[in-house]
Amino acid sequence: MKSILPLTLILALVVAFENCASNQGNQKLGVSKVNTGSHLAQIESIDADLKSSSLSDESRDKLIIRKGKLLLDLGKYDETISTLNQVNQAKSNPVQLSEWNLTMGKAYVGKNEYSKAIQFLNQSERLDKNTNLMERKKLVVQSLVAEREYYPALATLTKTYTKGNQKKDEFYFETAAKTYLKMGFEYKNTGFYQKGLQVANLGLEEFPNNETLKSIQKECLEVLQPEGKL
């Protein structure tokens, strides 16, 4: 039987990792610094255009969705949601509605309301299965992990990368290893730490400079002491 580190130390390790992985995950999902001035100017221009009485319903809704995306980039999640709710969903085409649901899902991810986010993200996929597929799937997996739905998260992650022979990227290895690490802590089971270590090792073979995977590898080895390895 492998010895387990004291509970307080394991908790500290997991919390530290989550803070690091959260920042890494945001970068992988396209969250970056934005030009605030440019975004605000674009929003002002859209507001002016929306006052036109000659706008068609479709053009109006496209402008509203565009404004919602700009607000999302600025981290104004409540404003994003209230803006998007002005879209006439009954008259929108499926692709436009898919985009609307995706943006709503992202806003709820930003608010840490993951169960709501998953509903919008899944609806986005039902309406348009081709556009933004990987982005949606990654957000769903991220949300499931945050909701501590570890088995569904791993199942969705595996299915996403198996279907269509999608090459496993850094997001795959980081998320799988992170999930096993969290499961090991939550279920007090060294087997999950071993799986987390295996995934981290495989990921580092492909991405040797990945700091998140190195951190997971280190934490799993520390928990699996005194052996320190499989």
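The protein chain contains eleven helices and zero strands. The model is predicted. Along the sequence, the order of elements reads α-α-α-α-α-α-α-α-α-α-α. Of the 230 residues in the protein chain, 41% are buried.

One segment carries an annotation from a sequence record. In UniProt, an unreviewed entry assigns "repeat: TPR" to residues 98–131. In the model, this span is 79% helix and 0% strand, and the C-alpha atoms at its ends are 9 Å apart. Helix 5 covers residues 94–110, and helix 6 covers residues 114–127.

The loop between helix 5 and helix 6 holds N112. The phi of N112 is positive, about 65°, although N112 is not a glycine. Most residues other than glycine have a negative phi. N112 has a relative accessible area of 53% and is therefore classed as exposed, the cut-off being over 50%. A second case is K188, also a residue other than glycine, with a positive phi near 50°. K188 is located in the loop that separates helix 9 (170–187) from helix 10 (190–206). With a relative accessible area of 57%, K188 is exposed.

Salt bridges were counted next. The count comes to 14 salt bridges. One of them pairs K106 with E135, with 2.5 Å between the closest N and O atoms. This pair links distant parts of the chain, since K106 belongs to helix 5 and E135 to helix 7, 29 residues apart. Both partners are partly exposed: K106 has a relative accessible area of 26%, and E135 has a relative accessibility of 23%.

A further salt bridge joins K137 and E125, whose closest N and O atoms are 3.2 Å apart. K137 is in helix 7 and E125 is in helix 6, so the pair ties together parts of the chain twelve residues apart in sequence. E125 has a relative accessibility of 16%; because this value is under 20%, E125 counts as buried.

The salt bridge between K214 and E211 lies within a single helix. The N to O distance between these side chains is 3.6 Å. Both residues are in helix 11 (residues 211–223), where a separation of three residues corresponds to about one turn of the helix. K214 is partly exposed at a relative accessible area of 32%, and E211 is likewise partly exposed at 49%. Elsewhere, D78, K111, E113 and K116 are joined into one network by salt bridges that share partners.

Charge also gathers on the surface. R126, K129, K159 and K163 form a patch of positive charge there. Of these residues, K129 is placed in the loop between helix 6 (114–127) and helix 7 (133–146). The relative accessible area of K129 is 54%, so K129 is exposed. The position of K129 also falls in the range 98–131, to which the unreviewed UniProt entry assigns the TPR repeat.

Two pairs of residues illustrate separation in sequence set against distance in space. S82 and M104 are 22 residues apart in sequence, and their C-alpha atoms are 9.8 Å apart. S82 is part of helix 4 (residues 77–84). With a relative accessible area of 43%, S82 is partly exposed. In the second pair, T190 and L224 are separated by 34 residues in sequence and by 7.0 Å from C-alpha to C-alpha. T190 is in helix 10. T190 is buried, because its relative accessible area of 16% is under the 20% cut-off.

Definitions and conventions. Residues numbered from 1 in each chain as written. Predicted model: local features only at pLDDT ≥ 70, side-chain atom pairs only at ≥ 80, totals over all residues. Heavy atoms only, no water. Patch = residues over 30% accessible without salt bridge, like charges linked within 9 Å, V, L, I, M, F, W, Y side chains within 5 Å. Areas by Shrake-Rupley, 256 points an atom, 1.4 Å probe, with all protein chains shown as cover. Salt bridge = Lys/Arg side-chain N within 4 Å of Asp/Glu carboxyl O. Lys, Arg positive; Asp, Glu negative; His and termini not counted. Charge placed at Lys NZ, Arg CZ, Asp CG, Glu CD. Helix = DSSP H or I, 4+ residues; strand = E, 2+ residues; numbered from the N terminus. Buried < 20%, exposed > 50% of the residue type's maximum accessible area, 1.4 Å probe, protein only. UniProt positions renumbered as here; feature names shortened; annotations may be inferred.
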